Amino acid sequence: MFEGLSHIELSGKPYPIRCDILVLEKIQDEYGSLDDFESKLMTWEPELDEEGNKIREENGDIKYRGKLPDAKALNDALYWMASEGEAVAAEEENRKPEVITREGIARKVDLTPMELASHLHDEFYRCFKSKNAKATQKE
């Protein structure tokens, strides 16, 4: 069905995580757009000049600076992705899913906000990669 579940380890326990269309729908409902949400997970942003234009290095590359991710976006993403990951894992293993609460999963986080953002952004991005190399549409 899929290329497999990703996992995130929190307090020594691996949790399956999945960002799929159901999670994307929750993100859009809460954040308005996927782009707005993604910018809240990002740990870097382009540096801007006084007029709001991106600053470029001498070689033409855009200059970036680090930033802290948004805590609410981190907690939302972790809860939604872990809940969906557990639901998919339970379905694949023909068992009842374990109940995951937003507060419960957040309390298990022993990663820095930057590390957590990186894991969650990777899973968010993975959602947009092609999962089936063979086209299912008519050529």
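**Close-up 1. A salt bridge between E98 and K13 joins a loop to a strand.** In this predicted model, the side chains of E98 and K13 meet in a salt bridge, with a nitrogen-to-oxygen distance of 3.5 Å. The two partners come from distant parts of the chain, since E98 belongs to the loop between helix 3 and helix 4 (102-107), whereas K13 belongs to strand 2 (residues 13-17), and 85 residues separate them in sequence. E98 is partly exposed, with a relative accessible area of 47%, and K13 likewise counts as partly exposed, at 37%. The pair is one of eight salt bridges counted in the model.

**Close-up 2. E45 and R65 form a salt bridge between strand 3 and strand 4.** Here the side chains of E45 and R65 meet with a nitrogen-to-oxygen distance of 2.3 Å. Because E45 lies in strand 3 and R65 in strand 4, the pair ties together parts of the chain that are 20 residues apart in sequence. Both ends of this bridge are partly exposed, E45 having a relative accessibility of 23% and R65 a relative accessible area of 43%.

**Close-up 3. The rings of W44 and Y64 pair edge-to-face.** The ring centres of W44 and Y64 are 4.9 Å apart and the ring planes stand at 85 degrees, an angle over 60 degrees, so the pair is classed as edge-to-face. W44 is in strand 3 (residues 44-46) and Y64 in strand 4 (residues 64-66), so that the pair, whose members are 20 residues apart, links distant parts of the chain. W44 is partly exposed, with a relative accessible area of 42%, and Y64 counts as partly exposed at 42% relative accessibility.

**Close-up 4. Y31 and W80 pair within a cluster of aromatic rings.** Five aromatic pairs are counted in the model. In the pair shown, the rings of Y31 and W80 have their centres 6.5 Å apart and their planes at 80 degrees, which makes the arrangement edge-to-face. This pair also links distant parts of the chain, with Y31 in helix 1 (residues 21-31) and W80 in helix 3, 49 residues apart. Both residues are buried, Y31 with a relative accessible area of 12% and W80 with a relative accessible area of 11%. Beyond this pair, ring pairs link Y31, F37, W80, F124 and F128 into a cluster.

**Close-up 5. Y79 in helix 3 and its contacts.** Y79 is found in helix 3, which spans residues 71-92, and is partly exposed, with a relative accessible area of 26%. When its neighbours within four places in sequence are left aside, Y79 is in contact with I100, T101, R102 and I105. For orientation, the C-alpha atom of Y79 is separated by 13 Å from that of D20, a residue 59 places away along the chain.

**Close-up 6. A salt bridge within helix 5, and a salt-bridge network.** E123 forms a salt bridge with R126, the closest nitrogen and oxygen atoms being 3.2 Å apart. Both residues lie in helix 5 (residues 113-126), where a spacing of three residues corresponds to about one turn of the helix. Both also count as buried, E123 at 3% relative accessibility and R126 at 15%. Elsewhere in the model, salt bridges that share partners join E30, K72, D76 and R102 into one network; among these residues, R102 is also one of the contacts of Y79.

**Close-up 7. C19 and C127, two cysteines without a disulfide.** A disulfide is a covalent bond between the sulfur atoms of two cysteines. A search of the whole structure finds zero disulfides. For C19, the nearest cysteine sulfur is that of C127, at 4.2 Å, and for C127 the nearest is that of C19, at 4.2 Å. Because a disulfide is assigned here only to sulfur atoms within 2.5 Å, the pair shown is not counted as one. C19 is buried, with a relative accessible area of 2%, and C127 is buried as well, with a relative accessible area of 16%.

Key: Residues numbered from 1 in each chain as written. Predicted model: local features only at pLDDT ≥ 70, side-chain atom pairs only at ≥ 80, totals over all residues. Heavy atoms only, no water. Buried < 20%, exposed > 50% of the residue type's maximum accessible area, 1.4 Å probe, protein only. Helix = DSSP H or I, 4+ residues; strand = E, 2+ residues; numbered from the N terminus. Contact = heavy atoms within 4.5 Å. Phe/Tyr/Trp six-rings, centres within 6.5 Å; stacked < 30°, edge-to-face > 60°. Salt bridge = Lys/Arg side-chain N within 4 Å of Asp/Glu carboxyl O.
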